[in-house]
Amino acid sequence: MPDPTTTSLLAILEFPDARLRTKATTIKDVTHTTAKLANDMLATMYEAPGIGLAATQVNVHERLIVCDVSEDKSAPLVLINPKVIEGAGTIDTQEGCLSVPGFYETVTRPEQIHVEAIDQNGNPFELEADGLLAVCIQHEIDHLDGKLFVDYLSPTKRQMIRKKLLKAQKYKL
């Protein structure tokens, strides 16, 4: 769990912001700055509230995601340079996104995945995930590749969401 006395909340980019389409670069060295970013991302995700956040969503274009699908927010997961090695089965789930606020649509993804990543201490690890955690990890990795869940929707539905969010953003200003 991030320490609220040492974390800061980050601004989350919203669709259709072009920066969400930037492909993230590989993190070569896990540093104190990387660990601080992970903690800030966890704090931002919990505050939003959400269950996952990719660095791309906070305008940092490095391969780092955080997730916590537990009911009580007690299982934070940091994945640096995550890579899905294998997927199996399929699952249709209602997905939402902190960068596409207020919209939920059905997306089909592999139900189980095998992931390789590095933790915030620089240690490589592998993870078997299924269900909601598998969906969350895949959703966040998509962000690192410049892809959003709306890209799985029809062009008409994606355009409708884009227009509604642009209108809402205009009223925020």
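In this predicted model, P49 sits in the loop that runs between α1 and β1 (52-54), and the peptide bond that joins A48 to P49 is cis, with omega of about -10 degrees. A second cis peptide bond links F15 and P16, where omega is about 10 degrees, and P16 belongs to the segment before α1 (32-47). As background to these cases, most peptide bonds are trans, and most residues other than glycine have a negative phi.

Positive phi values are listed below.

| Residue | Phi | Place |
|---|---|---|
| N59 | near 65 degrees | loop between β1 and β2 (64-67) |
| N81 | about 50 degrees | strand β3 (residues 77-88) |
| G146 | about 80 degrees | just after α2 |

The two asparagines can also be described by their cover: N59 has a relative accessible area of 33% and is therefore partly exposed, whereas N81, at 17%, falls under the 20% limit and so counts as buried.

Helix α2 (residues 131-144) comprises 14 residues and spans 21 Å from its first C-alpha to its last, which is close to the 20 Å expected at 1.5 Å a residue. The helix is mostly covered, since twelve of its 14 residues are buried, among them G131, C136, H139, D142 and L144.

On the surface, E86, E116, E126 and E128 form a patch of negative charge. Of these, E126 is placed in strand β7 (residues 124-130), and E126 counts as exposed because its relative accessibility of 52% is over the 50% limit.

Note on methods: Residues numbered from 1 in each chain as written. Predicted model: local features only at pLDDT ≥ 70, side-chain atom pairs only at ≥ 80, totals over all residues. Heavy atoms only, no water. Patch = residues over 30% accessible without salt bridge, like charges linked within 9 Å, V, L, I, M, F, W, Y side chains within 5 Å. Areas by Shrake-Rupley, 256 points an atom, 1.4 Å probe, with all protein chains shown as cover. Salt bridge = Lys/Arg side-chain N within 4 Å of Asp/Glu carboxyl O. Lys, Arg positive; Asp, Glu negative; His and termini not counted. Charge placed at Lys NZ, Arg CZ, Asp CG, Glu CD. Helix = DSSP H or I, 4+ residues; strand = E, 2+ residues; numbered from the N terminus. Buried < 20%, exposed > 50% of the residue type's maximum accessible area, 1.4 Å probe, protein only. Expected span 1.5 Å × (residues − 1).
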